[in-house]
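Dear colleague,

Please find the structure below, handed over for your use. My account of what was found in it follows directly after.

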Amino acid sequence: MSINKPTEIDSNGVIKEIIVPIVSTGVAEANKLIQSDATGKIDNSWLPTGIGADTETIEASEALSAGDYVNTFNDGGTVKVRLADASDISTKADGFVLASVLITANAEVYRRGLNNQLAGLTLAGVHYLSTTVPGGVQTSSPDGVNNQITQVLGTASSLTTMDFERVAPYIRQA
């Protein structure tokens, strides 16, 4: 596969390759060309706030798998992320991860958008935060026993993809 490499002619008339950054560090990248990443997409660092993926990089307090729904929480003054769980309001889903991370590693948390790292979804079905599999989904609404929360995560557009829009969960009365 060929790679397009831009060139320029310097003040001595010599043709030189231009190094094109993939990630923007801010004003230092002003007036530079932009290079796509290995997936063919432009890194979010090039985009203005409010455009592109709504993400945050947060330390994981436990191992997370690609597709897991996660909860952000205060761990002694440090924001961390853990598996979301419908068994308690304090562990509601605040986002999801598209890549697996180990404990204490930084996780890229998506606050909304397409989670395409799922499996076994019901096509066009509404899915809820799971009461039995932390970070997972279920097709039936929790029954409210033992203060379980009901949090709609989204509707599946395929067997592996669901659009997540963060909404407030509620405790359903049994």
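**The barrel**

Five strands form a closed barrel in the order β3-β5-β4-β6-β7, and their pairing is mixed. From one strand to the next, the twist averages 55°. That angle is taken between axes, which are lines fitted to C-alpha atoms (for helices over the stretch in contact), and it can run from 0 to 180 degrees between N-to-C directions. Strands here are DSSP runs of E with at least two residues, and helices are runs of H or I with at least four, numbered from the N terminus. Two strands count as paired if DSSP finds at least two bridges between them.

This is a predicted model, in which local features need pLDDT of at least 70 and side-chain atom pairs count only at pLDDT 80 or more, while totals for chains, interfaces and linings use all residues. Residues are numbered from 1 along each chain as its sequence is written, and side-chain values use heavy atoms, with hydrogens and water left out.

Within the barrel, strand β4 (residues 69–75) and strand β6 (residues 95–97) run antiparallel and are joined by two bridges. Tyr-69 stands opposite Phe-96 of β6.

**The open sheet**

A sheet of three strands, in the order β10-β9-β12, is open and antiparallel in its pairing. Its edge strands, each pairing on one side only, are β10 (137–138) and β12 (152–155).

Strand β9 (residues 126–129) runs antiparallel to β10, with two bridges between them. Leu-129 faces Val-137 in β10, and Tyr-128 has Gln-138 of β10 as its bridge partner. Towards β12, the antiparallel pairing of β9 extends over three bridges; here Val-126 stands opposite Thr-155.

Beyond β10, the loop that leads to β11 (149–150) contains Ser-140. With a relative accessible area of 44%, Ser-140 is partly exposed; the classes used throughout are buried (under 20%), exposed (over 50%) and partly exposed (in between), with a 1.4 Å probe and protein chains only. Ser-140 and Thr-150 are ten residues apart along the chain, and their C-alpha atoms are separated by 9.7 Å.

**Salt bridges**

Side chains of opposite charge can pair when their charged atoms come close. A salt bridge is counted when a side-chain nitrogen of Lys or Arg lies within 4 Å of a carboxyl oxygen of Asp or Glu. By this rule there are seven salt bridges, and three of the pairs are described here.

- Glu-29 and Lys-32 meet through their side chains at 3.3 Å, N to O. Glu-29 is buried, at 11% relative accessible area, whereas Lys-32 is partly exposed, at 43%.
- Glu-59 pairs with Lys-80, with their closest N and O atoms 3.6 Å apart. This pair links distant parts of the chain, 21 residues apart: Glu-59 belongs to strand β3 (residues 55–60) and Lys-80 to strand β5 (residues 78–83). Glu-59 is partly exposed, at 25% relative accessibility, while Lys-80 is buried, at 15%.
- Glu-165 pairs with Arg-112, with their closest N and O atoms 3.4 Å apart. This pair also links distant parts of the chain, since Glu-165 lies in strand β13 (residues 162–165) and Arg-112 in strand β8, 53 residues apart. Glu-165 is partly exposed at 43%, and Arg-112 is partly exposed at 34%. Salt bridges with shared partners bring Asp-54, Arg-112 and Glu-165 into one network.

**The largest pocket**

The largest pocket has a volume of about 440 Å³. It was found on a 1 Å grid over the protein atoms alone, where a pocket is an open set of points with protein on both sides within 12 Å along at least five of seven lines, whereas a cavity is a set where a 1.4 Å probe fits but cannot get out. The volume is the space filled by probe spheres set on the points, which are joined across faces, edges and corners.

Which residues lie nearest the centre of the largest pocket? They are Lys-41, Asn-44, Ala-53, Leu-98 and Tyr-110, from a lining of 18 residues, each with an atom within 4 Å of a point. The elements that give two or more residues to this lining are β7 (106–110) and β8 (112–115). Strand β8 gives the most, with three residues.

By class, the lining has five nonpolar, seven polar and six charged residues. Nonpolar covers Ala, Val, Leu, Ile, Met, Phe, Trp, Tyr, Cys and Pro; charged covers Asp, Glu, Lys and Arg; the others, Gly among them, are polar.

With kind regards
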